[in-house]
Amino acid sequence: MTGAGGGEKAKFTTGATMGHVVTMTLTASIGLIAVFAVDALNLFYISMLGQAELAAAIGYAGTLMFFTVSVAIGLTIATGALVSRALGAGDREKAARAGGASLLCMAVIMVVLSTLAWIFIPELLGLLGARGETGKLADGFLRIVFPTTPLMAIGMCTTGILRGIGDARRAMYVTLAGGIAAAIMDPILIFGLDLGLTGAALSTLFSRVVLLLVGLHGAVIVHRLVRLPNTATFREMLRPFLTIGGPAVLTQLATPAGNAYVTAQIASFGDGAVAGWAIIGRLIPVAFGVIFALSGAVGPILGQNYGAKLYDRLYQTMRDALIFTTIYVLAIWGLLALFSGGIADLFRAQGEARELVVFFCLFASASFLFNGALFVANSAFNNLGYAFYSTILNWGRSTLGIIPFVWIGSQHFGATGVIAGWALGAVVFGVAAVALCFRVIASIESRDRHDDDLLPGPPPAAHSPFTTGKGATLG
C-alpha cells in the first residue's frame with residue numbers, strides 16, 4: 001500500500017493501536033531503563049565511598065544537567081515529529097532531509113549551550129545552594145561532563161529519527177549500548193582506578209560516545225534517513241524544526257526549572273536532605289522509565305496517523321496510552337511501598353536521607369498516576385500541532401503547581417514537606433491535561449488540513465488549564 005506521496009505506507013497507520021503502544025513502549029523502555037539504572041548504580045557506587053558530600057554533589061550536578069538534557073529532548077521531539085509526519089504522508093526523501101537538518105541544528109545549538117553552561121558552572125551551582133566542599137565536587141564533575149553534552153544530544157536526535165520510522169528496536173539499541181558502556185566503565189574508573197567522582201564523570205563521557213556511534217549507525221547506515229543539507233535545504237527545514245522544537249524545548253525546560261526550585265529548598269535542610277533528593281532523582285526514572293518511554297513512543301504513532309489524516313486512530317492511541325499508564329503506575333507504586341525500607345538500605349541512606357526516600361516510596365510515588373497522564377498529553381500536543389499548549393501548561397505547573405506547594409510544605413513539615421508539595425501539584429494538572437488533550441483531538445479534524453509544509457497550526461484562542469510533565473524522552 002502507498003501513501004499520498006507514493007511511498008510505502010507508514011507502519012503505525014494500520015493495526016491495533018494498543019499493540020503499537022505496548023510494542024513501542026516496551027522496546028523503548030529497555031534501553032531507557034538501562035541508562036537510568038546505570039545512573040542509579042553510579043550513585044550507589046558513590047554512596048559506597050561513605051561521604052554524604054559526594055552524593056549531594058551528584059544531586060546538584062544532576063539538577064543542572066537536567067536543563068541541558070531537556071533542551072536536547074525538546075529538539076528530539078521536533079526531529080521525530082518531522083520525520084514521522086513526512087513518512088506518514090509517504091514522502092521518504094523529505095523525511096531524510098528532515099533527519100539531516102535536525103542533526104545539524106541539534107549539534108549547533110547544543111555546542112553553544114554546553115559552552116555557556118561550562119563557563120558559568122560556579123554561578124549556577126551557587127544558585128542551587130551548593131557550598132563548600134560539596135560545591136567543589138559538583139564543579140569538578142560538571143567540568144568533565146558538560147563538554148560531552150553535544151555528543152549525547154546528537155545521539156538522542158538519532159533516536160527521534162529511528163522512532164519516526166517506527167524502528168523502536170534499533171532506537172532501544174542506542175540507549176542500551178550507552179547504558180552497557182557506563183555499567184562496564186563505572187566500577188573500573190570509580191574503584192579500579194580509584195578516581196571516585198572523577199571516574200563517574202569519565203564513565204559518562206565514554207558512554208555518550210558509544211550512544212552517539214550506535215545511533216548514527218542506525219539512522220545513517222541502516223535506514224538512510226539522514227541527508228546532510230545544503231544551504232537552501234537547511235533553510236527550508238529550519239523553520240518547521242524550530243516551530244516545533246522551540247515550544248517543545250520551552251516545555252521541557254519547565255520541569256528542570258521546577259526541580260531546581262525543589263533542590264534549592266531541599267538544600268536549606270543540609271547535605272543529608274540533598275543526598276536523599278538525589279537518590280529519589282535516580283529512583284524515579286528506574287521505577288517509571290516505562291512511562292517516560294511511553295510518552296516518547298506514542299509521539300511517532302500520533303505523528304504518522306496525523307500525517308495520514310486518520311483522526312479516529314488519534315483518539316484510540318491516547319485512550320490506550322492512558323490505560324497502559326494507569327495499570328503500570330499502580331503496580332510500581334505497590335512494589336515501591338512494599339520494598340521502601342530495603343531501597344533506602346541499598347543506597348545506605350541514613351537520617352533525613354532515609355526518611356525522604358521512604359516517604360517517596362510510600363506516598364509521593366503515587367503522583368505518577370497523574371504525571372504519566374501529563375507526559376502522554378504533552379506528547380500529543382507536541383505532535384499534533386499544539387506545542388504551544390505544552391509550553392504554557394508546563395510552565396504553569398512548574399510555577400503555580402510547585403512553588404506554593406513546596407514552600408508551604410517546607411515551612412510546616414521540613415524536607416518531607418518539600419517532597420509532598422512537589423508531588424501534590426501533579427494531581428489537578430494531570431486531570432486538566434487529559435481533558436484538554438481529548439478536546440484538542442475532538443476538534444483537530446476541523447483544523448486546516450492542507451498543511452503542505454507539515455507545520456503545526458496555531459492553537460485555539462480559548463483559555464487553557466495548567467499542566468506539566470517531561471513530555472517525550474529519548475527512550
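The expected span of a helix is 1.5 Å times one less than its number of residues. Keep that handy for the first exercise, and remember that this is a predicted model.

**Exercise 1. Work out how the span of helix α14 compares with the expected value, and say whether its residues are mostly buried or exposed.**

Solution.
- Start with the residues: α14 runs over 368-383, which gives 16 residues.
- Next, take the span: from first C-alpha to last, α14 reaches 22 Å, close to the 22 Å expected at 1.5 Å a residue.
- Now check the surroundings. Buried means under 20% relative accessible area, and 14 of the 16 residues of α14 are buried, so the helix is largely enclosed by the rest of the structure.
- Finally, look just past the helix: α14 is followed by G385, which has a positive phi near 90°.

**Exercise 2. Find where D194 and R348 sit, given that each has a positive phi without being a glycine.**

Solution.
- Take D194 to begin with. Its phi is about 55°, and its place is the loop between α7 (168-192) and α8 (196-222).
- Is D194 buried or exposed? The cut-off for exposed is over 50%; D194 has 65% relative accessibility, so it counts as exposed.
- Move on to R348. Its phi is near 55°, and you'll find R348 in the loop between α12 (340-346) and α13 (351-362).
- Run the accessibility check again: R348 comes out at 52%, so it counts as exposed too.

**Exercise 3. Say how many salt bridges there are, then place three of them: E93 with R227, D139 with R143, and D167 with R170.**

Solution.
- The count is 6 salt bridges.
- In the E93–R227 pair, the closest N and O atoms are 3.7 Å apart. This pair links distant parts of the chain: E93 is in helix α3 (residues 92-119), while R227 is in the loop between α8 and α9 (231-267), 134 residues apart.
- Both partners are partly exposed, E93 at 39% and R227 at 33%.
- For D139 and R143, the closest N and O atoms are 3.0 Å apart. Both lie in helix α5 (residues 132-145), 4 residues apart, or about one turn of the helix.
- Why does that spacing suit a pair? Residues three or four places apart point the same way, because an α-helix has 3.6 residues a turn.
- D139 is buried at 17%, whereas R143 is partly exposed at 24%.
- Last up, D167 and R170 meet through their side chains at 3.2 Å, N to O. D167 is buried at 12%, and R170 is buried at 18%.

Key:
Residues are numbered from 1 along each chain as its sequence is written. This is a predicted model: local features need pLDDT of at least 70, side-chain atom pairs count only at pLDDT 80 or more; totals for chains, interfaces and linings use all residues. Side-chain values use heavy atoms; hydrogens and water are left out. Helices (H or I, at least four residues) and strands (E, at least two) are DSSP runs, numbered from the N terminus. Buried means under 20% relative accessible area, exposed over 50%, partly exposed in between (1.4 Å probe, protein chains only). A salt bridge is a side-chain nitrogen of Lys or Arg within 4 Å of a carboxyl oxygen of Asp or Glu.
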